[in-house]
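Hi,

Here is the structure I promised to pass on to you. Have a look around it first, and then read my notes underneath.

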Amino acid sequence: MQSIGSVLNDLFTPLSTAEKHCEKHGIDYTEQVFKRFTRGCPQCAAEAEEARKLDEAEKRKLAEREWYQKQIAERIGDSRIPLRFREKTVGGYRVENEQQRYIVERVKAYATEFNDGSHSGRCMTFLGNAGTGKTHLACAIGRHVIRNCNGVARFTSVAEINRLVREAKSFESEYTETDVIEAFGGYDLLIIDEVGVQSGTEAESRALFDVFNERYQNLKPTVLISNLDADGFKAAVGDRIADRVKEDGGEVLVFDWGSSRG
Ligand SMILES: Nc1ncnc2c1ncn2[C@@H]1O[C@H](COP(=O)(O)OP(=O)(O)OP(=O)(O)O)[C@@H](O)[C@H]1O
Ligand SMILES: [Mg+2]
Ligand SMILES: [Zn+2]
């Protein structure tokens, strides 16, 4: 059997050497032929090493970009923004009347507040007729938060909040009511659609208030959407929510023109 010393000797002692000339670099060098590899022109070797490093950096950059895209895709999936509204943008919202022009301007200002991660926490409320693009614009804000601001947005409805809170109260549940409220409290943006659709029970309006208030207290922005007019909205959510949505620059935008659904 060969000793380790002689194995290393075999590997690192050239089997042969030869004087060569590199045409590319115009230099003379000593080529060394080893058992496993050949050492040729030192400048060719340096160039190959440089190319390998560049290639590696390129691959790393690609992997990073892929990872980032995957993160965004996951956050979009987790947002529960309905498929129909995932690609809706503020830019894709047609402006055909003065109210739409005003609303788009206000929505843009609201969305921009997420850019540097320092949103004021004020709310935005969309009230009005079916098919006027309330859900469209709210989801567009959500998309912006996820794609452009590295944030986490969540779309929900009053019905879903009530269902999750109701389920949490069941003794088989693995999470508590407090868990549900805290989870909704954690998102950078929460969109609550279909406010005032069900004339709910006392417990149901409390669940909405608890979720809303958890965010309000922590200065987390919430967008509320309802088909009702201002009076109907106030009656449905109660004075405490109706007052809070207007606090600190919170805006209530009214969509009172005809449907785009045709
Ligand atoms: N101004 C607009 N420009 C482009 N698309 C619009 C506009 N208004 C509405 N839409 C489109 O019309 C459809 C209905 O809009 P959306 O669902 O957002 O209305 P909504 O106000 O939420 O209605 P509802 O109160 O019934 O939920 C969507 O596909 C939306 O993208
Ligand atoms: Mg809607
Ligand atoms: Zn060379």
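Let's begin with helix H2, where the buried residues are Ile 72, Arg 75 and Ile 76. Among the things covering those buried residues is helix H4 (134-148). Keep in mind as you read that this is a predicted model. H2 itself has 37 residues, and from its first C-alpha to its last it reaches 53 Å, close to the 54 Å expected at 1.5 Å a residue. After H2 comes Arg 80, and its phi is positive, near 60 degrees.

**The two domains**

The domain assignment splits the protein chain into domain 1 (4-40) and domain 2 (80-255). How far apart are the C-alpha centres of domain 1 and domain 2? They lie 71 Å apart. You can try another distance yourself with Glu 98 and Leu 8: they are 90 residues apart along the chain, and their C-alpha atoms are separated by 83 Å. You'll find Glu 98 in helix H3 (residues 98-112).

Is Glu 98 buried or exposed? Its relative accessible area is 56%, so Glu 98 counts as exposed, the cut-off for that being over 50%.

**The zinc site**

Now go to the zinc ion, which is ligand 3. Which protein atoms are its donors? They are SG of Cys 22, ND1 of His 25, SG of Cys 41 and SG of Cys 44, and they lie 2.0 to 2.3 Å from the zinc ion. Along the chain, these donors follow the spacing C-x2-H-x15-C-x2-C. The site is tetrahedral, with angles of 105 to 112 degrees among the four donor atoms. For comparison, the ideal angle for four tetrahedral donors is 109.5 degrees.

Two of the donors are worth a second look. His 25 sits in the loop between strand S1 (16-22) and strand S2 (27-33), while Cys 41 sits in the loop between strand S3 (38-39) and helix H2 (42-78). They are 16 residues apart, and the pair links distant parts of the chain. Both His 25 and Cys 41 are buried.

The strands just mentioned belong together too. S1, S2 and S3 form an open sheet in the order S1-S2-S3, with antiparallel pairing. S1 and S3 are the edge strands, each of them pairing on one side only. Between S2 and S3 there are two bridges, in the antiparallel sense. If you want to spot one, look for Gln 32, whose bridge partner in S3 is Arg 39.

**Parallel strands further along**

Next, find strand S6 (residues 189-195), which is mostly covered: six of its seven residues are buried. S6 pairs with strand S5 (residues 153-157) in the parallel sense, over five bridges. In that pairing, Arg 154 stands opposite Leu 190 in S6. S6 is also joined to strand S7 (residues 222-226) by four bridges, and these two run parallel as well. Here Ile 192 stands opposite Leu 224 in S7.

How many of the five residues of S5 are buried? The count is five of five. Both faces of S5 are covered, with Ala 153, Phe 155 and Ser 157 buried on one side and Arg 154 and Thr 156 buried on the other.

Strand S4 (residues 124-128) is the place to look for Thr 125. With a relative accessible area of 0%, Thr 125 is buried, because buried means under 20%. What does Thr 125 touch, leaving aside its neighbours within four places in sequence? Its contacts are Leu 224, Phe 233, Val 245, Glu 251, Val 252 and Leu 253. You have already met Leu 224, the residue of S7 that stands opposite Ile 192.

**Helix H7**

Last stop: helix H7 (residues 202-217), which has 16 residues. From first C-alpha to last, H7 reaches 22 Å, close to the 22 Å expected at 1.5 Å a residue. Its buried residues include Leu 208, Phe 209, Val 211 and Phe 212, and also Glu 204 and Arg 215. What do the buried residues of H7 pack against? The partners are helix H5 (158-169), helix H6 (177-186), S6, S7, helix H8 (230-237) and helix H9 (239-244). H7 is followed by Leu 219, which has a positive phi, near 55 degrees.

That's the tour, so happy browsing!

Terms used: Residues are numbered from 1 along each chain as its sequence is written. Chains are lettered from A and ligands numbered from 1 in the order in which they are written. This is a predicted model: local features need pLDDT of at least 70, side-chain atom pairs count only at pLDDT 80 or more; totals for chains, interfaces and linings use all residues. Side-chain values use heavy atoms; hydrogens and water are left out. Buried means under 20% relative accessible area, exposed over 50%, partly exposed in between (1.4 Å probe, protein chains only). Two strands pair if DSSP finds at least two bridges between them. Domain bounds come from an automatic or database domain assignment. Donors are N, O and S atoms within 2.8 Å of the metal (3.2 Å for Na, K and Ca); water is not among the atoms, so sites may look incomplete. Four donors count as tetrahedral if all angles lie between 85 and 135 degrees; four count as square planar and six as octahedral if opposite donors are over 155 degrees apart and all others between 65 and 115; anything else is irregular. The expected span of a helix is 1.5 Å times one less than its number of residues. Contact means heavy atoms within 4.5 Å.
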